Protein chains: 2
Amino acid sequence: MNENKISQLFGIQYPIIQAGMVWASGWRLASAVSNAGGLGLIGAGSMYPEILREHIQKCKKATPHPFGVNVPLLYPDIDQLMEVIVTEKVPIVFSAAGNPKLWTDYLKLHGCTVVHVVSSVKFALKAQESGVDAVVAEGFEAGGHNGREETTTLTLIPIVKKAIHIPLIAAGGIGSGPAMLAAMALGADAVQVGSRFVATHEASSHINFKEEVLKAGQGATVLTLKELTPVRMMKNSFYQKINNLYKAGATVEQLQETLGRGRAKKGMFEGDLVEGELEIGQVAAQIEKIIPAEAVVKEFIETYNSTLNSLPKID
Amino acid sequence: MNENKISQLFGIQYPIIQAGMVWASGWRLASAVSNAGGLGLIGAGSMYPEILREHIQKCKKATPHPFGVNVPLLYPDIDQLMEVIVTEKVPIVFSAAGNPKLWTDYLKLHGCTVVHVVSSVKFALKAQESGVDAVVAEGFEAGGHNGREETTTLTLIPIVKKAIHIPLIAAGGIGSGPAMLAAMALGADAVQVGSRFVATHEASSHINFKEEVLKAGQGATVLTLKELTPVRMMKNSFYQKINNLYKAGATVEQLQETLGRGRAKKGMFEGDLVEGELEIGQVAAQIEKIIPAEAVVKEFIETYNSTLNSLPKID
């Protein structure tokens, strides 16, 4: 019998969630992860509502297992996205980047299991008060959007665990079975894995970006744009432009202008490694091969178990 | 039989090292930790050579067990410190903040076991080439001086482990037995614990500072002064001064002038919470009580073992 709280909550085999990531996690990746026994998430942040509908419908056909959608609540057409989600009867919704009080009741009324992504104890408590079923706590090392406190996963998980009573999913820096074991030792019930799933066959990320992730070493990423929304990205030419603006004492408006629109799509989906924004976590330094999503899940479980067996009691 | 590589290397019972910390770890703390079965380190960074000699002599009288000295290699009178260390026959030396090639041969010729503290794979390899016996890899969340890559402990340990073949000690964010287990799951042979030992009876830190550590919540610390030597400290009035200088576009020279001299002593040893520099790690948010150092070691071992027992195999 599977007694893991998160496996039970979602009706899945393994407590591994594939993060909903812009320009990376469409129906192919989500269904592959769900078919492998984890929970796949479609990342709605880079989709128009009708594109999201298409991905949901394809995902349903591609897997008989539960899957979910990740929705950044600051999305401009959020009402339309939510309507798609409930009319398509998506069983699980991960919300992020916004106030969990706005949509949790609505989603739960429509039968969704709701999880909210946070990077602090304060917002974990807010999410719990809003009635969500679980919380993802994401550390400083994670790729993409991130918290202002810069709290790392190792120090964040214990304090969130202590503060809340609902199930807790750890995210940020988890790229292997041993790291999954580390997160569970700290009190997490499950892990959310982003970067490792970018370098899979099923991710919709451009091959140029996937190969750049393989090349990334230590220090290849940085958390920047802290005046806007902090985001972790690779230190490519586009980032150097941002950095030069900082050195020149640029205003928030000047930063926004340089960012412009579509930088994330250009980098991660169209493969422009020079002018595009390349969001990935510190764990990129550990990724060496593009493999199928199923192999990622298997490797996590195998090395979680073998590492658990190898750790000695201390006396 | 104790098969742990670090326990064997140092001749200690538990693979827990108390970090050598300025203004916190004199002979009282070091001997208490060594008496409790860990390895205590005297932090030489805040000591004149003759003060260090006094601490070493007192430590020898206070414990029959091995202990060590932590030496920042950029110390101005480094030759004198090293002479004290070898004439006093200190068995174990942790070197930090400098080139490990400079002193490793000398120390080993005098019979010392030598460990070097790094924050990157590159310097871990350099340390190994220099002939050190083990490496401490310290993550972004650690208090005090820190690396420029901002790599967190969770993502740093696996890549250092993969790169080197000598024993590895994890540091940064390790404030409890479960975090120790997490570090060991990632491949560390032992842990170095700093912040948790600041809030002990035996630490020489001022009581005002210890109590401030208890009050610290998430986001209470920040890694700053990246143009000089990056250092993690509490966001007190002194830090606000630094931050205001940044906002005003200060030069490195202006920053150095504001820092002045003796800020660390003023804050951590004299207890001036307003004008002093208060170095502590992110793990401060987990610390709730000032307890004896022996109780810290016991609690680590007990909760390491109980957490290990509680983690399920996943299938």
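Where is Met47(A) found? In this predicted model, Met47(A) sits in the loop between strand S2 (40–43) and helix H3 (49–62) of chain A. A loop position leaves open whether the residue is buried or exposed, and here the neighbour count settles the matter: Met47(A) has 22 C-beta neighbours inside 10 Å, so it counts as buried, the cut-off being 20 or more. Once residues up to four places away in sequence are set aside, Met47(A) touches Leu52(A) and His55(A). Val22(A) is 25 residues from Met47(A) in sequence, yet the two C-alpha atoms are 8.2 Å apart in space.

Turning to the nonpolar interior, the largest core holds 202 residues. Those that touch the most other members are Val135, Ile169 and Val191 of chain A, together with Val135, Ile169 and Val191 of chain B. Domain 1 (5–205 + 291–310) and domain 2 (207–283) of chain A both contribute residues to this core, which therefore lies between them. As general background, nonpolar side chains in soluble globular proteins tend to be buried together. Val191(A) offers a handy close-up: beyond its neighbours within four places in sequence, Val191(A) is in contact with Pro15(A), Ile16(A) and Ile17(A), with Ile169(A), Ala170(A), Ala171(A) and Ile174(A), and with Met180(A) and Ala183(A).

Chain A also contains an open sheet of three strands, ordered S7-S11-S10 with antiparallel pairing. Its edges are strand S7 (144–145) and strand S10 (221–224), each of which pairs on one side only. S10(A) is joined to strand S11 (residues 231–234) of chain A by four bridges, and these two strands run antiparallel. Within this arrangement, Leu223(A) stands opposite Arg232(A) of S11(A).

The contact between the chains draws 39 residues from chain B and 39 residues from chain A. On the chain B side, helix H7 (153–163), helix H8 (177–185) and helix H14 (293–310) each provide at least two residues. H8(B) gives the largest share, six residues. Sorted by class, the side of chain B that touches chain A comprises 20 nonpolar, 16 polar and three charged residues.

How the copies are related is pleasantly clear-cut. A turn of 180° with a shift of 0.0 Å along the axis lays chain B on chain A with an RMSD of 0.0 Å, which is the relation of a two-fold axis. The C-alpha of chain B nearest that axis belongs to Ala182(B), at 1.9 Å. Both copies use the same surface, as 100% of the contact residues of chain B recur in chain A.

Terms used
Residues are numbered from 1 along each chain as its sequence is written. Chains are lettered from A and ligands numbered from 1 in the order in which they are written. This is a predicted model: local features need pLDDT of at least 70, side-chain atom pairs count only at pLDDT 80 or more; totals for chains, interfaces and linings use all residues. Two residues are in contact if their C-beta atoms, placed from the backbone, lie within 7 Å. Ala, Val, Leu, Ile, Met, Phe, Trp, Tyr, Cys and Pro count as nonpolar, Asp, Glu, Lys and Arg as charged, and the others, Gly among them, as polar. A nonpolar core is a set of buried Ala, Val, Leu, Ile, Met, Phe, Trp, Tyr and Cys residues joined through C-beta atoms within 7 Å. A residue is buried if 20 or more other C-beta atoms lie within 10 Å of its own, exposed if 12 or fewer, and partly exposed in between; C-beta atoms are placed from the backbone. Domain bounds come from an automatic or database domain assignment. Two strands pair if DSSP finds at least two bridges between them. Copies are superposed by least squares on the C-alpha atoms of residues with pLDDT of at least 70 in both.
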